[in-house]
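Here's a quick look at what sits inside this model and what lines it. Have the structure open as you read.

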Amino acid sequence: MPKLAEDDPMAVAMKYTHDASTVDPASRANPAEVQNCANCALIQGEDGAEWRPCQIFPGKVVAAAGWCSVWAPKA
Ligand code: SF4
């Protein structure tokens, strides 16, 4: 699957970035300290993979080290 581009309209709408460390924690709706795609409830695919499918962005893969405003903690 192709990688999600940061300038994809859906990615922009969700404030997606390939690098979660660039996101100001104060701008996040959820208080959890460490937030990235790898520890998001919506990530799919295999643990440890650098690029993985996400339920929010069908047909694309997102960076395990990425982040978007839909981030939610794993149950
Ligand atoms: Fe990453 Fe979760 Fe956003 Fe998908 S929903 S892009 S896994 S933070």
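## Around the ligand

Keep in mind that this is a predicted model. Start with the ligand: the residues surrounding it are Tyr16, Cys37, Cys40, Leu42, Ile43, Cys54, Ile56, Phe57, Cys68 and Trp71. Sort that shell by class and you get 10 nonpolar residues, with no polar and no charged ones.

## The cavity

So where does the ligand sit? Its space is the largest cavity, as computed over the protein atoms alone. The count of cavities of 30 Å³ or more comes to one, and the volume of the largest cavity is about 80 Å³.

There are 13 residues lining the largest cavity, and those nearest its centre are Cys37, Cys40, Cys54, Cys68 and Trp71. By class, this lining has 12 nonpolar residues, one polar and no charged. Cys37, Cys40, Cys54, Cys68 and Trp71 also turn up in the shell around the ligand.

## The nonpolar core

Now for the packing. The largest nonpolar core holds 16 residues, and Leu4, Tyr16, Cys37, Cys54, Phe57, Val62 and Trp67 have the most contacts inside it. Among these, Tyr16, Cys37, Cys54 and Phe57 are also part of the ligand's surroundings.

Which residues does Phe57 touch, leaving aside those up to four places away in sequence? The list runs to Leu4, Met10, Ala11, Met14, Tyr16, Val62 and Cys68.

Key: Residues are numbered from 1 along each chain as its sequence is written. This is a predicted model: local features need pLDDT of at least 70, side-chain atom pairs count only at pLDDT 80 or more; totals for chains, interfaces and linings use all residues. Side-chain values use heavy atoms; hydrogens and water are left out. A nonpolar core is a set of buried Ala, Val, Leu, Ile, Met, Phe, Trp, Tyr and Cys residues joined through side-chain atoms within 4.5 Å. Buried means under 20% relative accessible area, exposed over 50%, partly exposed in between (1.4 Å probe, protein chains only). Contact means heavy atoms within 4.5 Å. A residue is near a molecule or strand if one of its heavy atoms lies within 4 Å of it. On a 1 Å grid over the protein atoms alone, a cavity is a set of points where a 1.4 Å probe fits but cannot get out, and a pocket is an open set with protein on both sides within 12 Å along at least five of seven lines; lining residues have an atom within 4 Å of a point. A molecule sits in a cavity or pocket if more than half of its atoms lie within 2 Å of its grid points. Ala, Val, Leu, Ile, Met, Phe, Trp, Tyr, Cys and Pro count as nonpolar, Asp, Glu, Lys and Arg as charged, and the others, Gly among them, as polar. Grid points are joined across faces, edges and corners, and a volume is the space filled by probe spheres set on the points.
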